[in-house]
Each structure stands twice: as C-alpha cells, then as structure tokens.
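Here are some worked exercises on empty space, surface features and charged pairs. Try each one on the structure yourself before reading its solution.

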Amino acid sequence: MRAVLVKDGKGPVDNLYIGETQKPMPKEDEVLVKIKAFGLNRMDILQREGKYPLPPGVPDIMGVEFSGLVAEVGARVKKWKAGDEVFGLVGGGAYAEFVIAPESHLLHKPAALSWAEAASIPENFLTAYQALFLVAEMARGEDVLVHAGASGVGVAAIQLARFNEAKHVVATASTSDKLNWLLSLPNGATHAVNYKTQDFASEVKKVTDGKGINVVIDFVGQSHWHKNIDALAFDGRMTLLAVLSGAEVPSVSLLPILYKRLRIQGSTLRSRSKEYQANLIAKFEENILSHITGSNGKGEIRTYIHQVYPWTEIQEAQREMEANKNSGKIIAEIV
C-alpha cells in the first residue's frame, strides 16, 4: 500500500513523501479500514521531527484519526463488516491507504457527515471531552477558559463547554481574525482575548466579576503558567494538554495552588491503554456524537474544517499547521 513516509526517518517537512510500504493485516479483534480521509495534529509534526516518543507497538507511520470503509475484519470481530462506513482513533498509521484499528475504536459514520468531516472528529473531540469532563470534571454552569481557541481541540472544547451550559467560555488566540471567528460560531466563545496584546487573567476576572475561572484547558505551558494560576478561581481545575511554549517555569510559588485549592493535571490520549480509550469512545458516542453536524448543519456542536488537501500535498498541509494559520481542522484526503 501507499503511505506518507519520512525520508531518513525524521526531519523537516520537505522529507515527507508518498511511498510504498507493507499493508497491515488485522488480528482476531481488529479491523482493516480503507482510508478516505485523515486528520492532521500537532503531534504529527513532533513525530516527523523525531520529538514524539511513540507508545509501544504503535506503527511509525503518522496519523491517529481517519474515516473510511471497512475492508476486512478479524475472526472475533462482531460489530463490523466489510463495507461499513466508519471513522475512528488509532495509535498511529492513519497517513496511509489502509489502517488497523481495534474493533472498539471505530464509530459509525453519520450519513450527514462527509468523509472529511468525520475524520476531523476523533482526536479533537475525544481529547476535549476527556480534558473537560473526565479530568477537570466540569459541572454545568461553570466558567471555562480555553487556550489555543482556534485549534481543532480548542474549538471542540469551547463547544462542549457551551453544550454543558457553561456560564462563560473565554477563548484565547493570537489574531483578531481568529478571535472574531470564535465569537461568530453558533456555540462559540462568549468572550475572546488576544493573549499577545491583552492580559487574559485580568480579562477573565472582568468577565467573572473578580471570581476567576473554574476550568482552564491549556496547551501552551510555560508562558501562560502564572496567568493561568492567577485566573483560576478557588477550587479551580486546569488540564494541561501540551507545552507549546516550553516545559520549565522559573520561580514558581506554590502558595496560590495551596490557598486556592487548585487542581492541576496533565492529560494525554495517545499513550492511554486500549481499554481506557475504548471506554472514552463509548462515553463520547453515547453522550455527544448524535449532537455533532458539519459546519453547515444545525447541530448544537459542529465540526469546523480549515482546509482539505489531497494527500499528495501533505507537505503543504503540514506547513499550514506549522505556521499556525488554521482556524479549525486540517484534513487530507486519499486520492
């Protein structure tokens, strides 16, 4: 089969190319899917650069989310059959014509969603769902701050918070175009802050009448740390999903964490056990999936696509993400 490979095993975006590799074969409890579309994530860039250690047993081909047709099922698979339209989550291997997925990690593709829209859902929405509800334990009516608001996970988190009847959802981004877009979405942010020109902690306190925010979803790390701690309310919770600005914070005072009774927890998804992921997917399917439509639909939650590239333009697609130009998801289609 063909797949997106990396010349020399790692390197710059120019090292990406489509080449031949061995087609995977499903085990007894696995499903082989012929891919129609796959989503891009920042972890793909880190993996390409050799900066993302892969979990044990994961294929070295990039990509963790996809949509497509079931091509073959293992002997013990009961839920799926050849020809089923599905989308799903894997530990790796989605930048290819075929991918192997556990039976439990696939979802039926709703007829109203295109292949690209379906492929845009798994990593973003499962990560956001996990961060908000399983880790931060967001309650109805709480206030939420979402950093990297225009990213795929950010847009998902904003909408999930609104779906859970958040009183205020404050989003941060780096440009006025992104901020205006987030405010324009039907269930988008209630307030938006340019973190480059504004103090988001001060803005949060204005929005919440000085109380502070209940839940923070952060991808940024070092540069946002002190303001995040300042912005959090008593008994606030912060889920840390990435450290895009750096992993080390100098001169940290533990006192605000102590006296405000803060809870700060890191969260990953790719390295979780298959059992954990299967349980998360089942909860998401039960509670959220039926409410999602494409951007032109009427769902309470919508998936927004920045751009769809043919996979032959995978270098251009990753450059777009590296340049932080996207508002919504970047997708590649197999052609």
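For the first exercise you need the residue classes: Ala, Val, Leu, Ile, Met, Phe, Trp, Tyr, Cys and Pro count as nonpolar, Asp, Glu, Lys and Arg as charged, and the others, Gly among them, as polar. Keep in mind throughout that this is a predicted model.

**Exercise 1. Describe the largest pocket: its volume, its lining and the classes of its lining residues.**

Solution.
- Step 1: start with the space itself. The volume of the largest pocket comes to about 1,100 Å³.
- Step 2: find the walls. There are 46 lining residues, and R42, F219, L241, A242 and L244 are the ones nearest the centre.
- Step 3: sort the lining by class. You should get 21 nonpolar, 19 polar and six charged residues.
- Step 4: map the lining onto secondary structure. At least two residues each come from helix 1 (42-48), helix 3 (122-135), helix 4 (152-163), strand 9 (169-173) and strand 17 (329-333).

**Exercise 2. Do the same for the second largest pocket, and work out which element gives the most to its lining.**

Solution.
- Step 1: this pocket has a volume of about 610 Å³.
- Step 2: 30 residues line the second largest pocket, with G57, V58, P59, G92 and I100 closest to its centre.
- Step 3: two or more lining residues come from strand 6 (98-102) and from helix 9 (274-287). Strand 6 gives the most, with five residues.
- Step 4: by class, the lining splits into 14 nonpolar, ten polar and six charged residues.

**Exercise 3. Now look for enclosed space: how many cavities of 30 Å³ or more does the structure hold, and which residues line the largest cavity?**

Solution.
- Step 1: the count is one cavity of 30 Å³ or more. The largest cavity holds about 60 Å³ of space.
- Step 2: the lining is made of S120, N124, F125, S151, G152, V155, A156, T303, Y304, G328 and K329.
- Step 3: helix 3 and helix 4 are the elements that give two or more residues to this lining. Helix 4 gives the most, with three.
- Step 4: the classes here are four nonpolar, six polar and one charged.
- Step 5: while you're at helix 3, check its cover. Of its 14 residues, 13 are buried.

**Exercise 4. Head for the surface: which residues form the nonpolar patch there, and is L258 buried or exposed?**

Solution.
- Step 1: the patch is made of F234, L255, L258 and Y259, with about 480 Å² of accessible area together.
- Step 2: helix 8 (residues 255-259) gives the most to it, with three residues.
- Step 3: L258 is found in helix 8. Exposed takes over 50% relative accessible area, and L258 has 63%, so it counts as exposed.

**Exercise 5. Check the backbone: where do D8 and S251 lie, and what phi does each take?**

Solution.
- Step 1: D8 is in the loop between strand 1 (2-6) and strand 2 (16-20). Its phi is positive, about 70°, although D8 is not a glycine.
- Step 2: S251 is in the loop between strand 12 (232-240) and helix 8. S251 isn't a glycine, but takes a positive phi of about 55°.
- Step 3: now the accessibility. D8 is at 68%, so it counts as exposed, and S251 is at 71%, so that residue counts as exposed too.

**Exercise 6. Trace some salt bridges: which parts of the chain do R76 and E28 tie together, and which elements hold D230 and K205?**

Solution.
- Step 1: the total is 17 salt bridges.
- Step 2: R76 pairs with E28, with the closest N and O atoms 3.6 Å apart. R76 sits in the loop between strand 4 (65-73) and strand 5 (85-89), and E28 in the loop between strand 2 and strand 3 (30-39), so this pair ties together parts 48 residues apart in sequence. R76 is exposed at 53%, while E28 is partly exposed at 45%.
- Step 3: D230 and K205 meet at 2.6 Å, N to O. D230 is in helix 7 (residues 225-231) and K205 in helix 6 (residues 200-207), so the parts they tie together are 25 residues apart in sequence.
- Step 4: finish with a network of salt bridges, which links R48, E49, K51 and E322.

Methods: Residues are numbered from 1 along each chain as its sequence is written. This is a predicted model: local features need pLDDT of at least 70, side-chain atom pairs count only at pLDDT 80 or more; totals for chains, interfaces and linings use all residues. Side-chain values use heavy atoms; hydrogens and water are left out. On a 1 Å grid over the protein atoms alone, a cavity is a set of points where a 1.4 Å probe fits but cannot get out, and a pocket is an open set with protein on both sides within 12 Å along at least five of seven lines; lining residues have an atom within 4 Å of a point. Grid points are joined across faces, edges and corners, and a volume is the space filled by probe spheres set on the points. Helices (H or I, at least four residues) and strands (E, at least two) are DSSP runs, numbered from the N terminus. Buried means under 20% relative accessible area, exposed over 50%, partly exposed in between (1.4 Å probe, protein chains only). Patches are made of residues with over 30% relative accessible area and no salt bridge: like charges are joined within 9 Å, nonpolar side chains (Val, Leu, Ile, Met, Phe, Trp, Tyr) within 5 Å. Accessible areas come from the Shrake-Rupley method with a 1.4 Å probe; for residues, only the protein chains shown count as cover. A salt bridge is a side-chain nitrogen of Lys or Arg within 4 Å of a carboxyl oxygen of Asp or Glu.
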